[in-house]
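Work through the exercises below with the model open beside the text, attempting each task before reading its solution.

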Amino acid sequence: MNSSGRQSTATPFFLDGPSGRLFAMSYLPDATVQGRVLFCPPFAEEMNKSRRMIARASRALADAGYTVLVVDPSGTGDSAGEFGDSTWQRWLDDLSFGLEYLRAEGDEPVCAWGLRLGAFLALELAVRHSGIIDRLVFWQPVVSGSVYMTQFLRLKIAAQMMGASAGLTTSSLRAEAEAGSVLEIAGYQLAPELFGTIDR
């Protein structure tokens, strides 16, 4: 709730995105709009585990006068598609679509807010939409895609240390991805294109 005692509004809805329906949450201030914020989500399970904090932060921003749009890119959350079919470019296209929706609602300054791997998405969006995104905010940003993917691969290694695949290494898993194999890690199917883009 803001200082005037009025409360922001959170509304779930779907957008007809470039690759299918996209689930979105809109947080609207009950006051003069100061700016608009597009949230760029983190990767895989980090997205699910951060939802409560994202909702709290979005409400706080809305109470301060900012419209916030949170979009689940294709294959994630409640949006259409499968995670295993996700590509980095498709996610950028989905977020670009969200940006267009956000800008259609008003011409206030726009901020791209990225959490973890979402910082890379926000940065690429700012390059793609030069002159449209006025500010960038990074929360706990991933600073190396390669290091991040190594940590992600270790989830599979740790899960199979006692099994038949105990000889797995990050190098062998990288080789599988580079050969075109889909990696299944922590319940997520990771396509080689998406893995390679993040890894680079």
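Two exercises follow, on the nonpolar cores and on one helix. The model is predicted, with local features needing pLDDT of at least 70 and side-chain atom pairs counting only at pLDDT 80 or more, while totals for chains, interfaces and linings use all residues. Residues are numbered from 1 along each chain as its sequence is written, and side-chain values use heavy atoms, leaving out hydrogens and water.

**Exercise 1.** Find the residues with the most contacts inside the largest nonpolar core.

Solution. Begin with the term: a nonpolar core is a set of buried Ala, Val, Leu, Ile, Met, Phe, Trp, Tyr and Cys residues joined through side-chain atoms within 4.5 Å, where buried means under 20% relative accessible area, exposed over 50% and partly exposed in between (1.4 Å probe, protein chains only). The largest such core has 41 residues, and Phe 43, Trp 88, Met 149, Leu 190 and Ile 198 have the most contacts inside it. Helix α3 (residues 88-104; helices are DSSP runs of H or I with at least four residues, strands runs of E with at least two, numbered from the N terminus) contributes the most to this core, with 6 residues. A separate second core has 13 residues, including Met 25 and Leu 115.

**Exercise 2.** Establish which residues of helix α5 are buried and what they pack against.

Solution. Helix α5 covers residues 145-159. Its buried residues include Tyr 148, Met 149, Phe 152 and Lys 156. The buried residues of α5 pack against several elements, among them α1 (45-49), α4 (118-128) and β8 (188-190). Finally, turn to Leu 190: leaving aside neighbours within four places in sequence, its contacts (heavy atoms within 4.5 Å) include Met 149 and Phe 152.

Notes: Expected span 1.5 Å × (residues − 1).
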